[in-house]
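Please find below my notes on the model. They take one residue to begin with, then the chain interface, then the domains.

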Amino acid sequence: MPDNLSASHKAASIRSRIRRLKFNDYVFSLVGLVCMMLGVVTLLALFTDLLLDGMERLNYEFFTSFPSRRAEHAGILSAWVGTMLVMLVTALVAVPMGVAAAIYLEEYAPSNLLTAIIEINVSNLAGVPSIIYGLLALGLFVYQLGLGQSILTAGLTLGLLILPIVIVATRESLRTIPREIREAAYALGATRWQMIYDHVLPYSRGGILTGVIIGMSRAIGETAPIITIGALTFIAFLPPPPFTPEAPYVSFEWLFAPFTVLPIQMFNWVSRPEEAFLINAAATGVVIIVMTLAMNALAIFLRYRIRKNIKW
Amino acid sequence: MKTQTASTRFARNPWVHRREKLIEAVLFLAAFSAVAITLAIVVILFYESLAFFEHVSIFEFLTSTQWSPLFENPQYGILPLVAGTLVTSAVALLVAIPLGSIIAIYLSEFAPHKVREVVKPFLELLASVPTVVYGYFALLVVTPLLQTLMPDLPGFNMLGPGIVIGIMIVPYVSSLSEDAMRAVPMSLREGSYAMGATRFQTAVRVVTPAAISGIIAAYILGMSRAIGETMVVAIAAGQQPNFTFDPTEAAATITAYIVQVALGDLPHGSIGYQSIFAAGLVLFLMTLAFNVLGHMVRTRYRELY
């Protein structure tokens, strides 16, 4: 019976074809997993390598010494103090401006040409390379406004740089607040601002905080714009303290002080030929990476908790 | 005696009204700052570049193959810097496109929910590592590794930094592509499965073509990222302008040149100072072109379901 034979033959060939195709599925999911692991492994390799290279310098003196010509005695005191102060200014610039802009775009903006232009600009700014912000700061803040190569200039620059990140995150967070909350507030006679200030903002603060942390972690590692404004790399002194023993007790001189930050210090040490300074660079890299990873981990954790807890 | 009726109590309070208007105006100003920043960038770049082009003809700038503004006999041809930028970005894309696409397909079509939840944050962390650390990595880990494979490779080259930038933009490419693939409606996948297709066939022949505009946009935006990347190339690619398309040679990119000049403390108003704004203008226009192109591809050619 040749007919029957060919039918069973056909079935067998189809079956083997299916087996082959299923095998492709299996192979691809392995390839995908390997590619993804490649990313994770790179991250681990990078961190381990830095840690092994910089381990011997990571001690108390490293954090309490100024940079020095002799690598063994050099430290990152002025760099981490500078980073903290610059971050303070950055946050003071980016958070109020970003949140206010996001509130306008989400809650007030009429759908017209002007709003469209603003939205296009926000998404375009997110794609502008960071070094261009450095050129903006060099031309505008340093020379036109005469702010010099100061902590204020650096903070303003990084603040503008992370503004789009804060705006986008805040908008997303505001968008998750359901309409009913807004309508309930209006029904009780609240004005628009009362509704926003008393209800929408408090409910979305977790998401806003997440966006701010991600933005700050980006700013903390930014090197190019700060190099471009011409920040010095050898700073063996601290900016004047913000609090003074005499009246008026606060001083804003530190805003105009020259400074250095951690990534600049690392760049400075990486570009030296001596082996000993590379160890310093690696140690500084560990400090920067721990800071950014900690901030990102916090943001991921916050996002996870928000997603889990809130059920409108 | 004046009686207060309910209607007067609920009448519009001019003070409250004025306060509301004021707040709205302040919020508007904050939002408008995005436009102001863009304008400021464009104005500053053009203003300083115009001063530069008073000394250097645009023709020379765009056609000369020598870039040596800091030498005795200065030459101002942007081509070597553009070539360096394009070569490192091309190497980066050769790494990022295959890896990013495979990861996107895997995450969107294959990965179990648990794997996705655990591994995606790690990929995000990869994108959040500061670029100066990647520069260290390119110079002291990747380049020595490559040198064991290619003994002739110089210590400064474009291959190592290109690969590292590629790894850096993988999360960016993969997350944008994945978003595009997840936007493809389930019914298309179910139709494909109903015809007897396997997962792999569905992913490659149904989902990927349906999401192709978003995926191409992800590549273009990744390219724009790679072009603007600064620290990795400034540290590991060498800072000598070199008109070459060979990735194993050392060369400067536009960004690396800006860093080099900024480190050298040039006097304000000198032609070297103005040259970084001209270079920055070229960089800005290049990334702007890619950003606009990416945006157009994503919105124009999107298939709507």
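Which residues does A:Ser173 touch, not counting residues up to four places away in sequence?

1. A:Ser173 touches A:Ser204, A:Gly207 and A:Ile208, where contact means heavy atoms within 4.5 Å. The residue sits in helix α6 of chain A, residues 151–175; helices are DSSP runs of H or I with at least four residues, numbered from the N terminus. A:Ser173 counts as buried because its relative accessibility is 8% (buried means under 20% relative accessible area, with a 1.4 Å probe and protein chains only).

2. This is a predicted model, in which local features need pLDDT of at least 70 and side-chain atom pairs count only at pLDDT 80 or more, while totals for chains, interfaces and linings use all residues. Residues are numbered from 1 along each chain as its sequence is written, chains are lettered from A in the order in which they are written, and side-chain values use heavy atoms, without hydrogens or water.

3. Between chain A and chain B, 78 residues of the former are in contact with 73 residues of the latter. The two chains bury about 6,700 Å², 80% of it on carbon and sulfur atoms (buried area is the accessible area, 1.4 Å probe, that two parts lose on being put together, summed over both). In chain A, the residues that lose the most area to chain B are A:Phe28, A:Met36 and A:Phe267, together 10% of what that side buries.

4. The rule finds one salt bridge across this chain interface (a side-chain nitrogen of Lys or Arg within 4 Å of a carboxyl oxygen of Asp or Glu). A:Arg303 and B:Glu124 meet through their side chains in a salt bridge, at 3.5 Å from N to O. Helix α1 of chain A, residues 2–54, gives the most to the side of chain A that touches chain B, with 22 residues.

5. An automatic or database assignment sets the domain bounds: chain A has domain 1 (1–57) and domain 2 (59–309). Their centres, taken over C-alpha atoms, are separated by 41 Å. Eight residues from domain 1 of chain A and 13 residues from domain 2 of chain A make up the contact.

6. Domain 1 and domain 2 of chain A bury about 960 Å² between them, 73% of it on carbon and sulfur atoms. On the domain 1 side, A:Phe47, A:Leu50 and A:Arg57 supply 69% of the area buried against domain 2, more than any other three residues. Across this domain interface the rule finds zero salt bridges.

Key:
Helices (H or I, at least four residues) and strands (E, at least two) are DSSP runs, numbered from the N terminus. Buried means under 20% relative accessible area, exposed over 50%, partly exposed in between (1.4 Å probe, protein chains only).
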